[in-house]
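Dear colleague,

I am passing on the structure we spoke about, with my notes beneath it. Please read them with the model open beside you.

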Amino acid sequence: MRYEVEVGGRTRQVALSRVGDAFAVTVDGREWRVDAARIDAQTLSLLVDSPWQNDTQAAANAATRRISWDVSIAPDLLGGLTVCVGATPVGVTLDSRRRRGRAADAGGTGPQRIVAPMPGKVVRVLVGPGDPVRARQPLVVVEAMKMENELRAARDGTVTEMHAREGTSVDAGALLVVIQ
Amino acid sequence: MESPNYSITQFGEVQYSHFVKKILIANRGEIAVRIIRACREMGVSPVAVYSDCDRSALHVRYADEAYAIGASAPRESYLCIDRIIAAARRSGADGVHPGYGFLAENHEFASAVRDAGLIFIGPTPDAIQTMGSKTAARSAARRAGVPVVPGTESALGADVPDAEIAAIAASVGYPLLVKAVAGGGGKGMRTVTAPADLAGAVRAARSEAGAAFGDSAVYVERQLVRPRHVEVQLLGDMHGTVLPFVERECSIQRRHQKVVEETPSRAVSPALRGAMTSAAAAVARAVGYTNAGTIEFLLEEDGRFHFLEMNTRLQVEHPITEMVTGVDLVRWQIRLARGERLDLDPAALVTPRGHAIECRIYAEDPDNNFLPSPGRIQHLRSPAGPGIRDDSGTAAGLDVPIFYDPLISKLAAWAEDRPSAVARMRRALSEYVISGIKTTVPFFSWLLGQPEFLEGRFHTTYLDDVLKTRKGRPFLEPSPDAEDVAAIAAALQAALSPGTLAQRAGAGGPPRRWRTQARAEGLR
């Protein structure tokens with residue numbers, strides 16, 4: 001089985017095949033033997049044999065190290081997955097599923113679509129259409145969980161659309177601002 | 001001091017347990033669970049109340065009885081005095097524990113509980129009212145001979161003209177803070193560095209305080225240079241005994257909210273501890289304080305300390321004091337409410353055994369400006385093992401609602417000294433797996449590696465200052481190995497359970513499964 005997996009802004013080609021009780025896994029041509037135990041619907045225990053590089057000398061050595069990774073996998077709000085490797089969360093997109101919202105912000109081009117990250121109430125709108133904005137400039141203040149939260153621009157640009165109105169309630173994922 | 005609403009002298013020691021046999025907990029989340037645990041250990045029956053969105057919450061499931069008190073918004077449930085009293089009456093509870101937040105520092109609630117013939121597990125309504133007003137609390141501290149932060153003596157009501165405030169401000173000196181008299185949690189508070197900004201700051205503080213607390217009175221206080229926030233836990237009985245505990249260091253704050261607490265403080269010598277704990281007890285005695293409370297001080301670099309305010313309730317960070325003294329503060333709150341005598345060894349309470357640290361785990365996205373991250377917890381694995389205490393109010397499968405404080409758990413670590421406690425906390429953070437929502441766990445993993453934290457060199461604005469310099473970089477950057485493992489895991493998960501994954505990664509998640517189920521049942 002082959003998958004396209006995007007991690008940290010880079011797409012990797014991952015191929016899996018069963019070898020006995022384990023899997024032979026290649027990531028962009030590098031191959032590992034992985035013993036995967038299913039703990040529950042969201043949790044995997046992986047035992048991954050080194051070498052991590054294509055080191056034929058070490059591969060030939062029977063005493064390769066077997067690294068234990070505890071991994072949990074859950075969908076995130078943006079349509080991707082959050083994979084916790086130990087306690088470290090890693091954002092992952094599988095195949096063509098696009099991460100909504102933040103994926104557009106992370107790159108350097110295209111419009112920024114600022115969406116409400118949680119349901120709440122718009123308490124202040126700080127910019128309007130046509131306003132130039134700088135990276136990290138506050139745009140809209142949304143109140144949720146007893147706190148006022150500033151939503152900021154990811155990078156410089158000009159506000160082209162403003163959908164937030166002061167005093168209105170918004171759902172998670174609602175489009176508030178577009179910046180070109 | 002007011003006498004309790006029953007006589008205790010006619011009873012022997014064993015008969016104290018005749019009082020407060022069933023406690024209604026007027027709170028939710030981790031603190032409700034904490035109080036339920038104390039009740040269970042004392043053979044007291046715990047009663048929960050809950051709002052609409054908390055029907056499945058842990059505190060409801062752990063309690064003996066549970067009563068609905070209204071809609072999810074706090075104003076329609078956890079802040080409704082009448083409904084809480086009605087639930088207490090219906091359950092036959094004879095005591096009410098307010099926890100912290102919500103009605104815990106509302107003297108009208110304490111009075112209403114008392115008027116209903118129930119025992120309020122906390123101080124008297126009078127003590128709550130006096131110490132709840134920042135200006136009244138400051139005069140109480142002055143009367144007890146305890147220094148306060150230089151500032152105005154009395155509240156500046158809405159009718160005080162700007163010119164008069166400007167004159168007062170000039171005598172206090174800049175930089176200064178404009179603070180709401182009824183304030184708390186950083187609301188209704190403004191920093192002013194120059195006279196030109198004063199009038200605007202007073203207006204902003206007044207409007208915020210008016211909206212949040214229904215009282216627009218403010219006062220002016222000098223801003224100290226790089227102070228630490230150090231506080232002293234107290235217990236007081238109804239027989240005039242007030243005992244202070246070893247200090248808690250709470251200088252690690254984000255936007256005036258504590259995020260890490262530890263005890264003892266690296267900045268407090270035994271001599272300074274003696275002075276601070278005596279001062280704290282003196283303030284409490286001056287107002288006839290009973291039950292649990294905390295006196296907050298600002299500590300300057302030269303060792304001078306100033307009374308800041310008193311919290312007339314159990315404090316969020318009480319577990320670390322319990323860990324270094326071995327005293328169960330909630331159990332003592334209940335015993336003191338019954339009228340028992342505080343017979344703890346005073347010297348032992350100010351002699352910490354080892355070191356304890358607490359991290360407040362919030363449902364916030366630290367990599368996205370600490371925005372709230374409510375939602376369903378898909379998977380939860382809590383740390384455990386030696387020296388670790390996780391006071392959690394949630395579980396896998398539960399929602400973190402949008403209506404309340406985003407605190408989901410308090411992770412505390414104890415060890416024989418500070419470096420070992422830090423190492424233990426870092427170990428525990430590495431075990432903490434929470435998926436489905438974002439939490440501040442990665443932020444704490446970062447913070448506990450910072451040299452300033454490790455060396456104990458910090459003050460109340462340290463964290464805000466250092467966060468500004470990071471410009472939003474992620475707190476936990478996965479290693480290349482971890483990225484490879486994440487890619488492998490996502491592919492394996494898809495291969496091992498394609499149906500589940502496709503369903504969950506698409507829009508909807510669990511609700512879609514319910515819909516599918518409902519449709520299937522409808523077709524039968």
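Is helix H11 (residues 329-337) of chain B mostly covered or mostly uncovered? Please keep in mind throughout that this is a predicted model. The helix is mostly covered, since 7 of its 9 residues are buried. These buried residues are B:Val330, B:Trp332, B:Gln333, B:Ile334, B:Arg335, B:Leu336 and B:Ala337, and they pack against helix H1 (29-41) and against strands E4 (95-97), E5 (119-120), E9 (228-236) and E13 (291-299) of chain B. After H11(B) comes B:Gly339, which has a positive phi, near 100°.

A second helix of chain B to look at is H7 (residues 162-172), whose axis comes within 10 Å of that of helix H8 (residues 198-213) of chain B, the two crossing at roughly 110°. Because angles of 65 to 115 degrees count as roughly perpendicular, H7(B) is roughly perpendicular to H8(B). On the H7(B) side the contact is made by B:Asp162, B:Ile165, B:Ala166 and B:Ala169, and on the H8(B) side by B:Leu198, B:Ala199 and B:Val202. By class, the residues of this contact are 6 nonpolar and 1 charged, with no polar residue.

Some backbone details in the loops of chain B may also be of use to you. In the loop between H7 and strand E6 (176-184) of chain B sits B:Pro175, and the peptide bond leading to B:Pro175 from B:Tyr174 is cis, with omega near -5°. Another cis peptide bond, with omega about -5°, joins B:Thr263 and B:Pro264; B:Pro264 is placed in the loop between strand E12 (257-263) and helix H9 (270-286) of chain B.

The loop between strand E16 (364-365) and strand E17 (371-372) of chain B holds B:Asn369, and B:Phe370 lies in the loop between E16 and E17 of chain B as well. B:Asn369 has a positive phi of about 60° although it is not a glycine, and phi of B:Phe370, also a residue other than glycine, is positive and near 55°. As for their surroundings, B:Asn369 counts as partly exposed because it has 16 C-beta neighbours inside 10 Å, whereas B:Phe370 is buried, with 22 other C-beta atoms within 10 Å.

For chain B as a whole, the domain assignment gives domain 1 (21-120), domain 2 (150-222), domain 3 (225-353), domain 4 (354-475) and domain 5 (483-523). The C-alpha centres of domain 2 and domain 3 of chain B lie 28 Å apart.

Turning to chain A, there are 2 helices and 16 strands, and of its 180 residues 34% count as buried. Its mean pLDDT is 82, and 83% of the residues score at least 70. Among the elements of chain A, strand E5 (residues 43-49) has the highest mean pLDDT, 93, and helix H2 (residues 102-106) the lowest, 41. Over residues 97-108 of chain A the pLDDT stays under 50, and for this stretch the model has 22 contacts beyond four places in sequence. Where pLDDT is low, the predicted coordinates should not be read in detail.

Lastly, the contact of the two chains takes 54 residues from chain A and 45 residues from chain B. Strand E6 (residues 66-75) of chain A gives the most to the side of chain A that touches chain B, with 6 residues. That side of chain A has 37 nonpolar, 10 polar and 7 charged residues.

With best wishes

How values were computed. Residues numbered from 1 in each chain as written. Chains lettered and ligands numbered in written order. Predicted model: local features only at pLDDT ≥ 70, side-chain atom pairs only at ≥ 80, totals over all residues. Buried ≥ 20, exposed ≤ 12 C-beta atoms within 10 Å, placed from the backbone. Helix = DSSP H or I, 4+ residues; strand = E, 2+ residues; numbered from the N terminus. Contact = placed C-beta atoms within 7 Å. Nonpolar A, V, L, I, M, F, W, Y, C, P; charged D, E, K, R; others polar. pLDDT = per-residue confidence, 0-100. Axes fitted to C-alpha atoms, helices over the stretch in contact; angles between N-to-C directions. Parallel < 35°, antiparallel > 145°, perpendicular 65-115°, else oblique. Domains from an automatic or database assignment.
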